[in-house]
Amino acid sequence: MSSIGTLTQNSRPLHRLFISPAQNETMRCDLHVHTVASGMFDAPVLNRLCRESYNDPTDVYERLKRLGMSIVTITDHDSIDAVEALRRYPDFFLSEEVTVTMPSDTLMHLGVYGIGERDHAEIQRRRNDFIALLMYLTERKLFFSVNHVFSGLTGSRDEEDFRWFASYVPAFEVRNGQMWPHANDSAEKLAKRLGKVGIAGSDSHTIAGVGHTYTEVAGARTAEEFLAGLRAGRGVVCGANGSYAKLTADVYRIVLALLRDQPWTLPLMPLAAFVPVFTAAHWLNEIRFCRKWSVKLDSEAKESRSLWQLDAGVENNLAS
């Protein structure tokens with residue numbers, strides 16, 4: 001692999017020769033994957049103890065390839081540190097999951113794909129101002145998506161947020177490998193109603209889950225052609241939804257990884273008995289959140305707002 005990688009790293013046409021005929025017919029990519037570079041949990045106490053993921057980037061790459069992914073990307077939270085381990089692979093492209101502050105002051109996760117390292121720096125500079133970030137992504141013609149649309153993972157949601165999504169975000173994540181199936185179905189239904197591109201990814205924070213939820217594009221041979229296919233609406237979502245059992249098993253895997261990483265936490269391990277209670281509470285909250293917003297959006301079905309319908313404050317922001 002290393003000799004082929006050396007030859008193909010500087011030549012996209014040559015790289016195509018080393019993609020199997022099956023991959024030339026349909027290119028697959030898990031568009032939502034995490035590694036150790038995603039940093040620490042943002043919950044109190046846990047933010048001092050436990051990482052979001054303990055996945056080694058190279059292990060993630062190798063597993064994705066074994067599971068048939070034609071190209072590989074990593075979408076760590078507000079980080080591109082995994083690039084150092086993976087930049088040598090010609091079938092790797094850089095992406096990230098950005099934590100964005102909306103005009104309503106709520107938070108959301110935006111997947112941004114096919115970026116450069118300079119893009120990452122500018123994205124991070126603007127991520128606390130959704131409008132400024134939106135203008136940059138549009139100017140750079142970067143492909144991006146709202147992730148886990150019907151999830152309360154990032155906190156509360158405002159009705160105005162969905163109007164922004166409807167008006168200016170080209171893609172919705174409509175199959176997330178950690179989400180309740182009905183939440184994925186609701187996201188897909190909303191995306192179709194609004195004419196959005198649908199994408200899929202595992203959102204796996206453990207090595208066991210990566211590559212089981214992914215997006216296919218027929219006829220693509222490079223990451224650039226794959227992303228162009230997504231823009232054109234030729235992506236097909238594939239693979240598994242989430243479940244309570246799957247979530248609980250992943251949390252236990254993270255607990256074991258924490259113990260291996262920091263053996264001094266062993267006295268805290270009896271608390272792991274409460275993991276099923278914690279994940280049950282989280283799962284029920286996800287169900288509540290999804291039902292609330294899917295019913296609300298279905299009943300209202302309001303039209304998207306356009307630039308000329310925004311208030312003066314937003315217009316001034318866009319003009320600056």
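Is D203 buried or exposed? In this predicted model, D203 counts as buried, because its relative accessibility is 7% and the limit for a buried residue is under 20%. The residue sits in the loop between β7 (197–201) and β8 (213–218). Its phi is near 55 degrees, a positive value in a residue other than glycine. D78 also has a positive phi, of about 55 degrees, although D78 is not a glycine. The loop that holds D78 runs between β2 (72–74) and α6 (83–86).

The chain has 320 residues, of which 51% count as buried. Its secondary structure comes to 14 helices and 9 strands. Among the contacts with a separation of 6 or more, 70% join residues that are 24 or more positions apart.

Confidence in the prediction varies along the chain. The average pLDDT is 89, and 86% of the residues score at least 70. Over residues 1–18 the pLDDT is below 50. Beyond near neighbours in sequence, residues 1–18 have 22 contacts in the model. The stretch 304–320 likewise has a pLDDT below 50, and beyond near neighbours in sequence this stretch has 25 contacts in the model. Where pLDDT is low, the predicted coordinates should not be read in detail.

In soluble globular proteins, nonpolar side chains tend to be buried together. In this chain, the largest nonpolar core holds 62 residues. Within this core, L110, V112, L137 and F150 touch the most other members. Helix α13 (residues 275–300) gives the largest share of the core, 7 residues. Leaving out residues up to four places away in sequence, V112 touches S95, E96, V98, I123, L137, L142, F143 and F144. A second core, separate from the largest, has 16 residues, including Y113, V197, A220 and L227.

Helix α13 is also the place of L297. L297 is buried, because its relative accessible area of 11% falls under the 20% limit. When neighbours within four places in sequence are set aside, the contacts of L297 are with F150, F162, L190 and R193. One of these partners, F150, is among the residues that touch the most other members of the largest core. The position of L297 can also be described relative to S186: the two residues are 111 residues apart in sequence, and their C-alpha atoms are 10.0 Å apart in space.

The largest pocket contains about 1400 Å³ of space. It is lined by 45 residues, and those closest to the centre of the pocket are F41, A43, L46, V251 and F278. The elements that give two or more residues to the lining are α4 (46–49), β4 (107–113), α12 (244–261) and α13. The largest share of the lining, 7 residues, comes from α13. By class, the lining is made up of 24 nonpolar, 15 polar and 6 charged residues. Helix α13 therefore appears in two parts of this description, because the largest share of the largest core and the largest share of the lining of the largest pocket both come from this helix, as its DSSP run is numbered here.

Methods:
Residues numbered from 1 in each chain as written. Predicted model: local features only at pLDDT ≥ 70, side-chain atom pairs only at ≥ 80, totals over all residues. Heavy atoms only, no water. Core = buried A, V, L, I, M, F, W, Y, C linked by side-chain atoms within 4.5 Å. Buried < 20%, exposed > 50% of the residue type's maximum accessible area, 1.4 Å probe, protein only. Helix = DSSP H or I, 4+ residues; strand = E, 2+ residues; numbered from the N terminus. Contact = heavy atoms within 4.5 Å. 1 Å grid on protein atoms, 1.4 Å probe; cavity = no way out; pocket = protein on both sides within 12 Å on 5 of 7 lines; lining within 4 Å. Points joined across faces, edges and corners; volume = space filled by probe spheres on them. Nonpolar A, V, L, I, M, F, W, Y, C, P; charged D, E, K, R; others polar. pLDDT = per-residue confidence, 0-100.
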